[in-house]
Amino acid sequence: MSTREARAGWLFVLPWVIGFLLLTAGPMLYSLFLSFTHYDLLKPARFTGLTNYREILRDGRAATALWNTVFFTLLHVPLQIVLALGLASLLRRAGRSAGFFRTVLFLPTMTPPVALAALFLLLLNGQNGAVNAMLGWFGFTGPQWTTDPAWIKPGLVLMSLWTIGSTAVLYLAALTRVPGERYEAARLDGASAFRQFWHVTLPGISGTVYFTLIVNTIASLQVFTEAYTMFFGARPSSPAEGDAALFYVIYLFQEAFGSLRMGYASALAWVLFLVIAAITALQVRLSRDYVHYEDRA
Amino acid sequence: MTRRAAVVLALAGVGVLFAYPFLWLLSASLKDRSQVFDNALLPEVFRPENYAEVWRAVPLLAWVGNSVAVGVAAALAATVSSAVVAFGFARFRFRGRTVLFGIVVATMMLPAAVTMVPVYLEWHAVGLATTQVPLWAGNLFGSAFYVFLLRQFFLGLPAEVFDAARVDGAGPWRQFRSIALPLARPGLVVVFVFEFKAAWTDLIRPLIYLREPELYTLPRGLKAVLDRFGQGGEAQWELVMAASVVATVPMILLFLVAQKHFVRGVVTQRVEE
C-alpha cells in the first residue's frame, strides 16, 4: 500500500471517523460520566457516585418499564419471525401473483408509526372497533385492547403484525436462494413437506432468521413511537393504563426531557445498553449450534 | 383445487386483512363525525370538508413543507456522506481499515436510545437544540448501514475502470466523482429513499427537539392533532384520520414509484455476521 493511497483512504473515511467521535463514542462516554451525576441542565452536573444506579434498583416504574419491554419483545419477535416466514413461504409458491401480493404486504411498512398508532387506537377500540367486530363474526367477545391493562401489550403486538411485510420480503429473498436440488434429493428420499421444511428450508435460511432475530430484538427492546403516540403525551391517562404501556425508552424519554433528570436518564440508558448487549451475546452464543453459515447474502 | 390456487387464496385473505386498515382510514377521514366508528367501508355521507377543517385548524401546509425539507436534507446528507466513506473503505487500502470497518459494522447494533440524551446535550451546548438542524445534520458523517450497503456496490465495480482512470491521471476524488458515483446510482437511490422515509416517519427526534408548532414535521404535528382532537377529549376523530391520510399518502406514492429500491434495500439489509 502506498502512502498516497493510504492518505486518500483516510481522507474519504474521515467524515465517518469524526461522526463516530462526535455522535457515538463521545456521547457514550459523556453519558457514562453523567450517569454518576445529578444534572438538570440548569446547574452544573454534580457528582453523586452510584446514587442513580441504586435508585434504579429501587425504582418501581423502571422495573415495570423493563418488564413491559421484555414482555412485548418475547411476544412480538417470535410471532413476527414465524408469521413472516409463513407469508414468505406462501409468496414463494404464488407464481405470477407474487409481485402483486408482495406490494400489498409491504405497503403497511410505509405508514408513519404515528398515523398507524392513531388508526389502530380506533381499530382496537373495545366498544366499536373493527378488530372486535371481526372477532364477533366468529362468536368471540374481544377484549378492551386500549384500556384494559392486561390487554394493552397484546394489542400493541397485534398491531405490530401489520408491518411484518419487510421481514417477509427478506425471508422470501432467502428462500429463493436455497438450491432446488436439495428439495429434489429430499423428495427422492420420500421426505414429507414438513421434513423438507425442517431439514432443507430451515437450515438454508437460518442465517437470515438469525439476523432478523438479533436486529428485531434490539429494535423491539427500544420500542417507543406507537405506544407513546397512543398512551402518552397530552393525554390524561389513568396511571394503571399508562403504566401498562410504559416501555423502557418511554420512561427514559420522560425522565430526560419531561423531568430534566439527565443524570438519571443516562444511568437508565446505560442499563438498557447492558441489557441489550447481554441479550445479544446470549443469542449469538445460542445460535452457534443452530445456524448454518452457507446462507450468505 | 390445485395447490397454487390454495396458496393464492390464502394470500388473498391475508391481503384483504392488510389492505383493510388503509381503506378504513381513508373512509373514516371522509365520514361525518357521528359515523367514524360505524366500520362501514363507504361513508354514508362524504365529507371531504374534514380535510379543509383540519387544514384550517393546524398549520398542515407548514408541516408538510418541514417534512419535505428535513427529509430531503437528511436523505441528501446521508447519501453523499455515506458514499464518500463507503468509497474510502472499498477502494483504498490503508492501515487500520479492517478494524475501522469492524467498528462501522458494530455501531449498526448499537441501540440509538443510548446516545439520545448526550447527543441532545451536544446540540443544546451549541445552541441548536430547538431547531430542525439535529433532525438531519447527524447524517453528514455517513451512517453505518448505508456505508455498508454502498461499500458492497463499490466493491462490485470492476477494478480495471479505476486503474485505467488512474493511468489517465485521475486523482482519487475524480475517480469517485466521475466514475464510482454514476455507476453506483442504483445504490444511491436506495439510500436516498430509505433515509427520506426514515426522516419522514420519525417521531422521537421531533419530540425531543421541536418546540414551536411552526417547526413541526408531520409526525410531530399529527401527534399534536391526536392529542387535541382525539385523545384530548374533543373526539373529532375524523380530523385525526384526515391528518393521518395526509401524513401517509406521500409515503405510499414514494413506495409505488420506488418499490424496487425499497425491496433491494430490505434484501441487502442482511449483513455478514
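The following paragraphs lead through a predicted model, beginning with chain B and ending with a helix pair formed between chains A and B.

Chain B is divided into domain 1, residues 1–47, and domain 2, residues 58–268, and the centres of these two domains, taken over C-alpha atoms, are separated by 32 Å. Where the domains touch, seven residues of domain 1 of chain B meet seven residues of domain 2 of chain B. On the domain 1 side, this contact surface comprises four nonpolar residues, one polar residue and two charged residues.

The unreviewed UniProt entry places the feature "transmembrane region" at residues 60–87, 99–121, 133–150, 183–200 and 239–258 of chain B. Among these spans, residues 99–121 of chain B are 70% helix and 0% strand, with end C-alpha atoms 29 Å apart, while residues 133–150 of chain B are 39% helix and 0% strand, with 25 Å between the end C-alpha atoms.

Turning to the pairing between chains, helix H1 of chain A (residues 3–34) and helix H3 of chain B (residues 60–91) have axes that come within 7 Å and cross at roughly 140°. Because angles over 145 degrees are needed to count as roughly antiparallel, H1(A) is classed as oblique to H3(B). The crossing of H1(A) past H3(B) is left-handed. From H1(A), the contact draws on A:Gly9, A:Phe12, A:Val13, A:Pro15 and A:Trp16, and from H3(B) on B:Ser81, B:Val84, B:Val85, B:Phe87, B:Gly88 and B:Phe89. Sorted by class, the residues in this contact are eight nonpolar and three polar, with no charged residues.

Definitions and conventions: Residues numbered from 1 in each chain as written. Chains lettered and ligands numbered in written order. Predicted model: local features only at pLDDT ≥ 70, side-chain atom pairs only at ≥ 80, totals over all residues. UniProt positions renumbered as here; feature names shortened; annotations may be inferred. Helix = DSSP H or I, 4+ residues; strand = E, 2+ residues; numbered from the N terminus. Domains from an automatic or database assignment. Contact = placed C-beta atoms within 7 Å. Nonpolar A, V, L, I, M, F, W, Y, C, P; charged D, E, K, R; others polar. Axes fitted to C-alpha atoms, helices over the stretch in contact; angles between N-to-C directions. Parallel < 35°, antiparallel > 145°, perpendicular 65-115°, else oblique. Left-handed = near helix turned anticlockwise from the far one by under 90°.
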